[in-house]
Amino acid sequence: MARLNKGFWLWCEFSSVDTEYIIEIQNKVQNELRGPEFKIHLTLAGPFDQITHSSIDGIRTYCSQKSPIEVKLFKYDYQEKFFQSFFIAVLQSKELDGLRNAMFKINNQKPTYPYLPHISLAYGNYKKTVKENLIASLPCLNNSIDIDKVSIVEIGEDINLWKVSERFSFSTAALV
């Protein structure tokens with residue numbers, strides 16, 4: 001699938017405690033790789049040419065009726081792709097797939113496959129040996145973290161043009 005120069009993506013964001021935890025790891029990675037800065041997230045769905053007011057309302061309603069989702073962290077990994085250069089692989093679960101499928105359905109699109117759930121720690125082009133050595137120096141991963149928000153992000157090819165336009169928190173009522 002060709003990349004869009006501009007479009008919309010849906011991101012998962014994490015609880016404040018889990019965000020701090022991931023940022024701490026990202027900072028260690030960035031000290032070594034020195035890639036462009038970006039907000040910690042797990043890409044959920046997209047790209048969408050547009051997101052209508054009806055879709056925004058649908059996402060808001062969906063999130064308000066759902067509890068945070070626990071996702072399992074799998075391992076540190078990397079690919080030879082700029083936007084998947086170095087990341088934490090996330091186990092593809094029934095709950096994560098359900099959230100992803102619901103977002104595509106709300107936006108009247110079919111899910112795109114394959115889906116590689118991950119939390120990017122660095123973007124860029126780095127040598128394989130540098131990435132392998134970095135993995136060996138990073139701390140063991142927590143078993144899981146919580147997704148508690150879905151964000152709509154306007155994306156341009158220039159990372160400095162990425163902008164969160166809407167953010168919807170999951171309900172905490174079901175946790176009480």
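Where is Asn108 found? Keep that in mind; the reply comes in point 6.

1. Before we start, a word on how to read this model. It is predicted, so to speak of local features a pLDDT of at least 70 is needed, side-chain atom pairs count only at pLDDT 80 or more, and totals for chains, interfaces and linings use all residues. Residues are numbered from 1 along each chain as its sequence is written, and side-chain values use heavy atoms, with hydrogens and water left out.

2. Let us begin with the overall plan. The protein has four helices and seven strands. Both are DSSP runs numbered from the N terminus, with at least four residues (H or I) for a helix and at least two (E) for a strand. Walking along the sequence, you meet them in the pattern β-α-β-α-β-β-α-β-α-β-β. The radius of gyration is 16 Å, close to the 16 Å that the globule rule gives for 176 residues, so the protein is as compact as a globular protein of that length. Here the radius is taken over C-alpha atoms, and the rule is 2.2 Å times the number of residues to the power 0.38. Along the principal axes, the C-alpha atoms fill a box of roughly 45 × 40 × 25 Å.

3. Next, the surface and the charges. About 9,800 Å² of the protein is exposed, and carbon and sulfur atoms supply 50% of that area. Accessible areas come from the Shrake-Rupley method with a 1.4 Å probe, and for residues only the protein chains shown count as cover. There are 20 positive and 20 negative side chains, and the centres of the two sets lie 4 Å apart. Lys and Arg count as positive and Asp and Glu as negative, while His and the chain ends are not counted. Each charge is placed at NZ of Lys, CZ of Arg, CG of Asp or CD of Glu.

4. Now look inside. Buried residues make up 47% of the 176 residues; buried means under 20% relative accessible area, exposed means over 50%, and partly exposed lies in between (1.4 Å probe, protein chains only). The largest nonpolar core has 46 residues, and Leu10, Leu44, Met103 and Ile119 touch the most other members. A second, separate core of seven residues includes Trp11, Phe38, Phe83 and Val153. A nonpolar core is a set of buried Ala, Val, Leu, Ile, Met, Phe, Trp, Tyr and Cys residues joined through side-chain atoms within 4.5 Å.

5. Contacts show how distant parts of the sequence meet. Contact means heavy atoms within 4.5 Å. Among contacts between residues at least 6 apart in sequence, 80% join residues at least 24 apart. Take Leu44 as an example: leaving aside neighbours within four places in sequence, its contacts include Leu10, Cys12, Leu99, Met103, Tyr115 and Val150.

6. Some backbone details deserve a second look. Most residues other than glycine have a negative phi, and most peptide bonds are trans. Asn108, found in the loop between helix H3 (94-106) and strand S5 (118-122), has a positive phi near 55°. At 72% relative accessibility, Asn108 counts as exposed. Arg34 also has a positive phi, about 55°, although it is not a glycine. Arg34 lies in the loop between helix H1 (16-33) and S2, and at 65% relative accessibility it counts as exposed. A cis peptide bond joins Gly46 and Pro47, with omega about 0°; Pro47 is found in strand S2 (residues 42-48).

7. Phe82 is a good place to practise. It is found in the loop between strand S3 (69-78) and strand S4 (86-90), and is partly exposed, with a relative accessible area of 35%. Not counting residues up to four places away in sequence, Phe82 touches Pro36, Ala122, Tyr123, Gly124 and Asn125. Phe82 and Asn125 are 43 residues apart in sequence, yet 5.7 Å apart in space, C-alpha to C-alpha.

8. Finally, is Gly156 buried or exposed? Gly156 is buried, with a relative accessible area of 8%, and is found in strand S6 (residues 144-156). Gly156 and Gly7 are 149 residues apart in sequence and 6.9 Å apart in space, C-alpha to C-alpha. For another pair to find in the model, try Glu37 and Ala122, which are 85 residues apart in sequence and 8.0 Å apart in space, C-alpha to C-alpha. Glu37 is exposed, with a relative accessible area of 75%.
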